[in-house]
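Biologist: Thanks for making time for this. Could you take me through the reasoning behind the descriptions, one step after another?

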Amino acid sequence: MTLHKILLLGTAMMGLTAAQGAAQQADNAVRFAYDQALESPDPYFTTLRLGVILGRNVWDTLVIRNLETGEFEPLLATDWTWADDETLELTLREGVTFHDGSSFDADDVVYTLSYVSDPANRIVSQQIADWIDSVEKTGDYSVRIHTKGPSPAAMEFLSSQLAIVPDGYYSGPAGATEQALPMGTGPFRFDSYSAGGEIVLARNEDYVGSEFKTPASLDRISIRTIPDQQTQIAELMSGGLDLTMGLPRDQAEMLAQMPGVAVESGETMRIVFLQIATSDESSNEALKDIRVRKALNHAIDKQAISTNLVGEGSNVINAVCFIDQFGCTEEGVTAYDYDPDTARALLAEAGYGNGLTLRLHAYRERHISEAIINYLAEVGVTVELNYMQPAAMRDAMRSASVDLAQNAWGSYSIYDLSASTPVYFGGQPDDNNRDPELIEILTEAESVMDPDARKELYATALRRIADEALAVPMFTLPVYYAGAEGLKFETYPDEILRFWEYSWQ
Amino acid sequence: MLIYILKRLGLAVLVALCVSVLAFALLRVQGNAASALAGEGASAEDIAIIIRTHGLDRPVVVQYLTWLANVLQGDLGTSYFFKRPVAELIVSKIGNTVILAIMSLAIALTLAVPLGVLAAVYSGSWIDRICSGISLLGQALPSFFLALCLVMLFAIHLRLLPASGAQTWQHFILPAVTLGYYITPPFMRLVRAGMIDALSNDYVRTARAKGIPSHKVVLKHALRNALVPVVGLVTVQLGLLIGGSVVIESIFALDGLGYLAYQSIGYRDFPVLQAVVLLLSLVYVVLTLLSDVVNAWLDPRLRVS
Amino acid sequence: MTDTTPTASIPTPGASMKSPSRLSLRRIAEQPSLLVGGGIVVLMILIAIFAPLLAPHDPFVQNIAARTVPPVWYDGGSWEHILGTDQLGRDYLSRLIYGARISLFIGFAAVAIAGVIGTTLGLLGGYFGGRVDMVVTFLTTVRLSLPIILVALAIVAIFGGSVTIVVIVLGLLKWDRFAVVVRATAAQISRLDYINSAKAAGASTFYILTREVLPNLAPQLIVIATIEIASAILMEAALSFLGLGVQPPTPSWGLMISEAKNYMFFSFWLIAIPGTALALLVFAINLAGDGLRDLISPDGRG
């Protein structure tokens, strides 16, 4: 115990335990910090986790997934049936109002789904809505959705990302709107929003919800952007924050020893993998050699990184998907063991025995990037790190100007493989391989209704990715939440903060 | 006097124009403005429309002049990242930065004036050495390192001040102290030099000879003279402070102009960056112009040279 | 981070100036600040040069099973890693030693570039006067009006962070003080008699500038250079701290501070060690600069 730690513990004990928590309990608010600025408060126009979180708290979806049973349950829709493989009929809940007091009905659903499924409106993740062909109103409180073909993941998207906005909300493509604040029907409403600054949510007093999404207990949520983790930690320790998520393992473990701070960790669906660019547009010829790609797989000790740097709740993966997602399997998928000698030999064989320089693009977990760089240096691969904001990295990937992309993909919390592997290998904008065979298999799988046939197609794709070494699958990321003691909250693998369930003890 | 002001004004306008060319170039060197404006997933047609509506197919000089005309009318373009008018973003952030700059300056002066006077009065003694040591240390300590240490002491250990944010005036204290300490040395040196100069002046000697108490001589007569050049430095430092708070604003998550600029670099949001660079340069140009004119008014000799 | 090194601290050129040859060793010995500051700087330069011999470990080899081992004087520390290991298990002392190379190299190289640009502009402006001088003054004013940190950040963001880019960017941005001081001094010197006689004797302008004017500027140049080296080292550290300077795994002190900041509330030594090294180096350079200034113009101290 150093003097410094004694000081720290002593002062922390005096201050935090009662005073700070009590202040926040009194006004029944939670102050939350996130490390990246939100490009848009509209969940359709950001890929940031914070956008997904706001999406669930401020908006509602038609159906909701019961996390215990895995079944779909009513939310804005009370009842639904598949008339055939390509037609879904839904009955809507009556008596629901938007945050401005206007009532919710079939027009809003038709408007929302038509807007987001039109590619001209350019929502950021096309795959969540591109299965919708058309939506028609069949009554004041009933709609019919026609799909472009069999769409096995339809319910998944309807229960997660497809938030319903009021009729006429947008004034043009790309999310343009005349509304001062975003508006939905969810348990919280926007109280204020400052671009790149603070976001304040207030409880929606008229929230109806359903058995599976209930009215909120907290009055207010304030969300600040604090890019530096050490500033977040300082705020937590000095009582200026009630909750943060995503701290690295080391910091979370040390914070856990501080009185007044409670740390919870949870496994998540988020997978870390290095995507290796091999498409025709990609300029790096070395990566088009399978021996180089295999060498990269052998060079990195993902088990050591997972155990030491990432910590408990992290599991090594060999397939680029989250194991609990429908269709994800590691059966028959080649696993590359940590073997720097083989890696060196493969590189020498490919003609890169004297060294090779690659670019690595990353946007989070910089310490993991650095560990990767050091492992690759061991086998003679020099890596130039391009560490950037997620939006900038997305642009770089979509313009095929990356060699290795360190992705940490959370699948939008969707328990179906269609939300993970195809994003990077199925011909979508982030696909830096553009492998025709993979694109064909993955596209086919999205229109097959028979679960077993789908599973088989996905397994074939995953095996091909591994055999061709098109990526370096690494591990899942646990997420650490650090909060003020007395704040009652539950964590979920989908990394969604369900603020409506939070309360102060 | 009028001729001097006009000349000086002409130079300021020329400098401003030159800076605007550089700021305009900044947006162009980083690549394809049209596809960035159109956003991702835009089709070739969308991009073609953007090129036409934004006049990106016209000669560069014409584009520059159009842009300049827009800027002069207060239209600074649209943020690539936030998809909002840049002017709106800047207006919402500039207040915090100005508060921070003024507080930093106040702190620097309250430190620099007494230290400078002490060092001058006891010139050459150990007091002088300690004072210049404090000032040297201020320049050697990286401001971000000092900021982190202050957060640890005052926010975490003592729990006296908030660690980040800009909600109340208390939130500005730690960043202002960090920045203020960093800019203290130039002020201190100037006060010290001015005081040494003033103390050796005849009228101060006369005052002393008359038996006026020493502290009165120092404070009333010498200090007043020594502070004149400090006013000039204040204007220049104010300009630098407004532009120089990038690191400090980002550490303290202080939602100001420097923080906005830092974010915009991360997001490759060049219209915002361009506007901030232009704005900060103009602030500097205007402040130095004012300071020159004031100095010329105070000291007629300057007008001739 | 502000660019606010005091202009007031530059010696005013004038009669009291001494040429270097007239400075005896005895007078140097009378300057304690120069001795102490210069001593530390020389020591750091030696450490940087002999880094491969001095560093106990390879600064790049990680051992992620033995991370953040504390320095030897804490519980759990060992002589194996005297200053402990960093967040990836790399030997901290070795990284610190190699980091001296980065800081010093960037400081000296950037200032060399800035010195050449600034001195050339200043010489031309001061010697020729008139239109040439107007152009030089104008360029200097434009440069001064640019927010230096922001511009540096933007350029590094566009072209990518590396030691070379940082050196070039700082070199291109930090010439203003050289230009201002050299211009003023060159203007004075060019009016002196011996320059006129050299002109009369038919010496070329180039000869006069490089052989007659420039050597007389040496004292000022050295003082400005020390101030600017210190400031360039701090700017590199600030850029690296913001993640836009030197990229990992290069051991830059600014980057080390940046990577240690997440640990600062728990393992303060991780940030204190590179922070102290950086502050010490900059302090020593400034101290040496102060001493040099006093040495050159003993009457104009302050």
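Modeller: Gladly, and please keep in mind that this is a predicted model. Let us begin with strand 17 (residues 471-476) of chain A, which is largely enclosed by the rest of the structure because six of its six residues are buried.

Biologist: What makes a residue of that strand count as buried?

Modeller: The test is that 20 or more other C-beta atoms lie within 10 Å of its own. Six of the six residues of strand 17 of chain A pass it, so the strand is described as largely enclosed.

Biologist: How do you know that strand 13 of chain A pairs with strand 17 of chain A, and which way do they run?

Modeller: Pairing needs at least two bridges. Five bridges join strand 13 (residues 271-276) of chain A to strand 17 of chain A, so the two count as paired. They run antiparallel, and one of the bridge partners is A:Ala471 in strand 17, which is matched with A:Gln275.

Biologist: Now for the whole of chain A: why is it called as compact as a globular protein of its length?

Modeller: Chain A has 14 helices and 20 strands. Its radius of gyration is 24 Å, and the globule rule gives 23 Å for 505 residues; the two values are close, so chain A is as compact as a globular protein of that length. Its C-alpha atoms fill a box of roughly 70 × 70 × 40 Å along the principal axes, and 55% of its residues count as buried. Among contacts in chain A with a separation of 6 or more, 70% are between residues 24 or more positions apart.

Biologist: Where does the domain label on chain A come from?

Modeller: From UniProt, where an unreviewed entry places "domain: Solute-binding protein family" at residues 71-425 of chain A. In the model, that span is 25% helix and 23% strand, with its end C-alpha atoms 28 Å apart.

Biologist: What makes up the side of chain A that touches chain C?

Modeller: Here 26 residues of chain A are in contact with 20 residues of chain C. Helix 10 of chain A gives the largest share of the chain A side, with six residues. By class, that side has 14 nonpolar, nine polar and three charged residues.

Biologist: And how many residues do chain C and chain B each bring to their contact?

Modeller: Chain C brings 39 residues and chain B brings 48. On the chain C side, helix 12 gives the most, with eight residues. That side has 28 nonpolar, nine polar and two charged residues.

Biologist: What is the helix content of the annotated domain in chain C?

Modeller: An unreviewed UniProt entry puts "domain: ABC transmembrane type-1" at residues 100-289 of chain C. Over that span the chain is 83% helix and 0% strand.

Biologist: Which spans of chain B carry the "transmembrane region" feature?

Modeller: The unreviewed UniProt entry lists several, including residues 98-122 and 272-298 of chain B. Residues 98-122 are 96% helix, with end C-alpha atoms 36 Å apart, while residues 272-298 are 100% helix, with ends 39 Å apart.

Biologist: Where in chain B is confidence lowest, and where is it highest?

Modeller: Helix 15 (residues 301-304) of chain B is lowest, at a mean of 56, and helix 5 (residues 86-121) of chain B is highest, at 90. The mean pLDDT of chain B is 81, and 84% of its residues reach 70 or more. Where pLDDT is low, the predicted coordinates should not be read in detail.

Key:
Residues are numbered from 1 along each chain as its sequence is written. Chains are lettered from A and ligands numbered from 1 in the order in which they are written. This is a predicted model: local features need pLDDT of at least 70, side-chain atom pairs count only at pLDDT 80 or more; totals for chains, interfaces and linings use all residues. A residue is buried if 20 or more other C-beta atoms lie within 10 Å of its own, exposed if 12 or fewer, and partly exposed in between; C-beta atoms are placed from the backbone. Helices (H or I, at least four residues) and strands (E, at least two) are DSSP runs, numbered from the N terminus. The radius of gyration is taken over C-alpha atoms; the globule rule is 2.2 Å times the number of residues to the power 0.38. Two residues are in contact if their C-beta atoms, placed from the backbone, lie within 7 Å. UniProt positions are given in the numbering used here, feature names are shortened, and annotations may be inferred rather than shown by experiment. Ala, Val, Leu, Ile, Met, Phe, Trp, Tyr, Cys and Pro count as nonpolar, Asp, Glu, Lys and Arg as charged, and the others, Gly among them, as polar. pLDDT is the predictor's confidence in each residue, from 0 to 100.
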